[in-house]
Amino acid sequence: MKSDIEIAQEAKVIPITEVAKQLNISEEELELYGRYKAKLSDELIKRVEKNPDGKLILVTAINPTPAGEGKTTTSVGLGEAFGKLNKKAVIALREPSLGPCFGIKGGAAGGGYAQVVPMEDLNLHFTGDFHAITAANNLLAALLDNHIQQGNELGIDPRQVVWKRCMDMNDRTLRNIVVGLGGKMDGTVREDHFIITVASEIMAVLCLADDMHDLKRRLGKIIVAYDYNGKPVSAEALGATGAMAALLKDALKPNLIQTLEHTPAIVHGGPFANIAHGCNSVRATKLALKLADYVITEAGFGADLGAEKFFDIKCRKAGLVPGAVVLVATVRALKYNGGVKKADLNTPNLAALKAGIVNLEKHIENLQKYQVPVIVTLNSFVTDSVEETDFVREFCLARGCEFALSEVWEKGGEGGVALAEKVLQTLETKESHFKPLYEDSLSLEQKIETVAREIYGADGVTYSAAAAKELKRIADMGMSDFPVCMAKTQYSLSDDQTKLGRPSGFTVNVREVYVSAGAEFVVAVTGAIMTMPGLGKEPAAYHIDVNDAGVITGLF
């Protein structure tokens, strides 16, 4: 089998203007970035705003394992399969971060014959959205430190600066730094920090904003520090709003590309789901719903993170109502949850599958709490035995879920037809009665504990002294009606990545809390999760190259 990048580079890509015609988008409504990618204009968004909405389908997964689940691959293949069935569909995805591309996880273009292209562009600089977000974030940081240097009219306490610099790269040495060293003109000496761009509040703000007016409103509300009296200092108070918005003017517009089978894909925004809210932009999703009859979107990592935040943050804030959820699993990943080592996953092992399927069971139960119909799809591998596949099928049907095999990695859209037909049948025969997990009126502690108990299966929650103090301050500022964004390991339902399957008898420890006032949610950091990842011993960057003809190799 060819590598993903080889398949993508051999693909017959058509001009993006031709892809746009499938959605009745004229060339005048595109802002072209070369022949194969474009931004969708504000004029288009305004023109279609009164169109009826299509059906929204969320793709999520069990907890990720080294064996891989193929969530993005399934999303892309499902969109291609709708095309095989002559259905008007759009795929709405997140943009990849450079951190994983050069680290361990890889990119976010899908895989095999279910990819979006141009995959090299998408996985690297794409249309510059992440660079714009990084620049806006760091402009705000520069204006903050400059304000302190130039007399500190707002009385900012340098010990209570909460705004962090960012870059879209894994670099652990920048997690904790000291700035302002040198002479008097080099700034005030203080501790500072870097986070990865996808964890920046500006990423979240961009992905939740409806339009430029809403973007500026949210940017202005960002809390950058507290003054000597403990009062919050906002980006608006620093006079930063307009300049940040100018940097983000083009980044606010969704991007259009295509799959290997020329299905339209709107790719925009990219917050991580383990440290941020894990969904593509509201603007892209809403536009997709106006352009197509079916919209396939995904949420990052497992359903305990991405899907929970999709429902409790994105849908709550944007008024979205998903019609169905596709839950992705693999026999290999379930056996891994059952205690099988990665090297032995290709060997049939029904006992291990029965032990590990409890992870899938918990995710099914969690999704059903939102009262949205669930379809489980099993990403098929040639090493899966008939007995293993039959066991998973019967397990899902017994729990009120639809079930379909997926072979999109190997066969593209044709390999997803069975899944697409099952999704269509579900949308036609089962109603979605979507409802978020908790009410806005609950306290922040009650919201955190609801997620921990109901979604993770925890016995309860403990808080560090600093986290408890910050929760009180946020409530005192009148922001306790915000939803919570849980920062947690993606590898386990618990906050301990070593606890696989369906752990029980554990408590979740919240060690840090902060408010994202512009994004309008409160982040609760649990366990050992980091907002600036590090590179592994042998990062993917070692294997990436470009030849004399400009052809990139080693990018998956």
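**Exercise 1. The second largest cavity**

What volume does the second largest cavity have? Work out what surrounds it, too.

*Solution.* Before we start, keep in mind that this is a predicted model.

Step 1: the volume. The second largest cavity comes to about 30 Å³. The structure holds 2 cavities of 30 Å³ or more.

Step 2: the walls. Ala303, Asp304, Ala307, Glu308, Phe311, Asn366, Leu367, Tyr370 and Ile455 form the lining of the second largest cavity.

Step 3: the elements behind the walls. Both α12 and α15 supply at least two residues of this lining, and α12 gives the most, with 5 residues.

Step 4: the chemistry. Sort the lining of the second largest cavity by class and you get 6 nonpolar, 1 polar and 2 charged residues.

**Exercise 2. The largest cavity**

Find out which residues line the largest cavity, and which helix gives the largest share.

*Solution.* Step 1: start with the space, which is about 70 Å³ in the largest cavity.

Step 2: go round the lining. You'll meet Glu95, Pro96, Leu98, Leu122, Leu124, His125, Phe126, Gly128, Asp129, Phe130, His131 and Asp168.

Step 3: look for the main contributor. That's α7, whose 3 residues are the largest share of the lining of the largest cavity.

Step 4: sort by class. The lining of the largest cavity has 6 nonpolar, 3 polar and 3 charged residues.

**Exercise 3. A pair of rings**

Two residues of the first exercise come back here: Phe311 and Tyr370. How many aromatic pairs does the whole structure have, and what is the geometry of this one?

*Solution.* Step 1: count. Searching the whole structure turns up 5 aromatic pairs.

Step 2: check the geometry. The rings of Phe311 and Tyr370 sit 4.4 Å centre to centre, with 35 degrees between the planes, and the pair is tilted.

Step 3: place the partners. Phe311 lies in helix α12 (residues 303-318), whereas Tyr370 lies in the loop between α15 (358-368) and β18 (374-379), so the pair ties together parts that are 59 residues apart in sequence.

Step 4: buried or exposed? Phe311 is buried, at a relative accessible area of 0%. Tyr370 counts as buried too, because its relative accessibility is 1%, and the cut-off for buried is under 20%.

Step 5: compare with another pair. Phe391 and Phe395 are also tilted, at 6.2 Å centre to centre and 40 degrees between the planes. Both of these belong to helix α16 (residues 386-397), 4 residues apart, or about one turn of the helix. Phe391 is partly exposed at 22%, while Phe395 is buried at 10%.

Step 6: zoom out. Phe311 and Tyr370 join Phe310 and Phe434 in one aromatic cluster.

**Exercise 4. Cysteines without partners**

Explain why Cys101 and Cys396 have no disulfide.

*Solution.* Step 1: recall the idea. A disulfide is a covalent bond between the sulfur atoms of two cysteines.

Step 2: search. The whole structure has 0 disulfides.

Step 3: take Cys101. Its closest cysteine sulfur belongs to Cys166 and is 16 Å away, which is too far for a bond.

Step 4: take Cys396. Here the closest cysteine sulfur is in Cys401, at 5.8 Å, and that's too far for a bond as well. The cut-off is within 2.5 Å.

Step 5: check the surroundings. Cys101 is buried, with 0% relative accessible area, and Cys396 is buried at 0% too.

**Exercise 5. Two helix residues**

Describe where Ser75 and Ala132 sit, and what they touch.

*Solution.* Step 1: Ser75 belongs to helix α4 (residues 71-84). Ser75 is buried, with a relative accessible area of 0%.

Step 2: skip residues up to four places away in sequence, and Ser75 touches Val59, Ile91, Leu93, Ile296, Thr297 and Glu298.

Step 3: Ala132 is part of helix α7 (residues 129-149). Ala132 counts as buried, at 13% relative accessibility.

Step 4: leave out its neighbours within four places in sequence, and Ala132 is in contact with Leu247, Leu248 and Ala251.

Step 5: now reach across the model. Ala132 and Glu402 are 270 residues apart along the chain, and their C-alpha atoms are 42 Å apart.

Key
Residues are numbered from 1 along each chain as its sequence is written. This is a predicted model: local features need pLDDT of at least 70, side-chain atom pairs count only at pLDDT 80 or more; totals for chains, interfaces and linings use all residues. Side-chain values use heavy atoms; hydrogens and water are left out. Buried means under 20% relative accessible area, exposed over 50%, partly exposed in between (1.4 Å probe, protein chains only). Contact means heavy atoms within 4.5 Å. Rings of Phe, Tyr and Trp (its six-membered ring) pair if their centres lie within 6.5 Å; planes under 30 degrees apart count as stacked, over 60 as edge-to-face and the rest as tilted. On a 1 Å grid over the protein atoms alone, a cavity is a set of points where a 1.4 Å probe fits but cannot get out, and a pocket is an open set with protein on both sides within 12 Å along at least five of seven lines; lining residues have an atom within 4 Å of a point. Grid points are joined across faces, edges and corners, and a volume is the space filled by probe spheres set on the points. Ala, Val, Leu, Ile, Met, Phe, Trp, Tyr, Cys and Pro count as nonpolar, Asp, Glu, Lys and Arg as charged, and the others, Gly among them, as polar.
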